[in-house]
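Q: Please take a close look at the nonpolar packing in this model. I would like the cut-offs stated along the way, and a few words on the surroundings.

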Amino acid sequence: MIDQFYGATYLLKMSEQGLSLFNISLILGILDLANAIVDYPSGVISDYIGRKKTAGIALIIYSAGLLVFTLADNLTAYIVSSVIMAVGLALYSGSPVAWFYDIMVKYDMISKRGEIMPKMTMVVRGFAIAANGISFVLVLYSVKWPLFCGVLISFIIGVLYLCNFEDNKGKTEGMSFGKTLLLFSGKFLKDGRMRMIVIYDGISYVATAFFILEWQLYLVNEFGLQKNYIGLV
């Protein structure tokens, strides 16, 4: 839901405030760069402090970044918000999935993942559709309102993560953080399959980035689509 509230209006908000396509590209590029820098060690971080705790802290950090984004009215503020949001996104990435996988192993449910995961995905998509429907209404009042909803939900869910459920950690085997990260890096770089996956994903992401940067502004500016319809599209 949080992702959809952000996705329905973020380009429109920056465009309405007079930011050029170059500036918008710069902001999103900095977000991706900061995300890449933090994302690399994020799995090891969650293994050390706990996946549930990492996810909770990440969502609270993201809510702070999204609030700065919502209130931003100049390039510098948008860049600051992007860095904060990127840190939250990177820490959150993979943490809930790793936590849930270990829970399934603990309770001997791993054999049922083929039944459980599609149902979870369906429910998650349902929440995303609901968020887009809500955005359709809220954007009529202001492009900021869906963003404020994202801020509130992100903060509340982050706190709930910290206050509920048991936590689990990865197998760090008593090694220091730095040594664990180096070991992880070595295994990753030596695996030819992983290197190929990275190359394929990188090429795919470039194409996706071009699309993400343009599509909302293209529909609104070139076709005159009403901005509240972006969420439905």
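A: What follows describes the packing first, then one helix, two loops and the cysteines.

The model is predicted, so local features need pLDDT of at least 70 and side-chain atom pairs count only at pLDDT 80 or more, while totals for chains, interfaces and linings use all residues. Residues are numbered from 1 along each chain as its sequence is written, and side-chain values use heavy atoms, with hydrogens and water left out.

A nonpolar core here is a set of buried Ala, Val, Leu, Ile, Met, Phe, Trp, Tyr and Cys residues joined through side-chain atoms within 4.5 Å. Buried means under 20% relative accessible area, exposed means over 50%, and partly exposed lies in between (1.4 Å probe, protein chains only). The largest such core has 26 residues, and Tyr6, Met14, Ile24, Leu66 and Phe69 have the most contacts inside it. Two or more residues each come from helix H1 (2–7), helix H2 (10–16), helix H3 (21–49), helix H4 (51–71), helix H5 (75–92), H8 and helix H10 (192–223). Helices are DSSP runs of H or I with at least four residues, numbered from the N terminus. A second, separate core has five residues, among them Leu12, Val143, Trp215 and Ile230.

Contact means heavy atoms within 4.5 Å. Leaving aside residues up to four places away in sequence, Tyr6 touches Leu28, Leu31, Tyr62, Leu66, Phe69, Met85 and Leu147.

Helix H7 (113–138) has 26 residues and spans 37 Å from its first C-alpha to its last, close to the expected 38 Å at 1.5 Å a residue. That expected span is 1.5 Å times one less than the number of residues. Ala128, Ala131, Asn132, Ser135 and Leu138 are the buried residues of H7, and they pack against H1 and H8. An α-helix has 3.6 residues a turn, so residues three or four places apart point the same way.

Two loop residues have positive phi without being glycine. Asp108, in the loop between helix H6 (95–106) and H7, has a phi of about 55° and is exposed at 64% relative accessibility. Phe165 lies in the loop between helix H8 (144–163) and helix H9 (177–190); its phi is near 70°, and with a relative accessible area of 60% Phe165 is exposed.

As for the cysteines, Cys149 is partly exposed at 25%, and Cys163 is exposed at 59%. A search of the whole structure finds zero disulfides, a disulfide being a pair of cysteine sulfur atoms within 2.5 Å.
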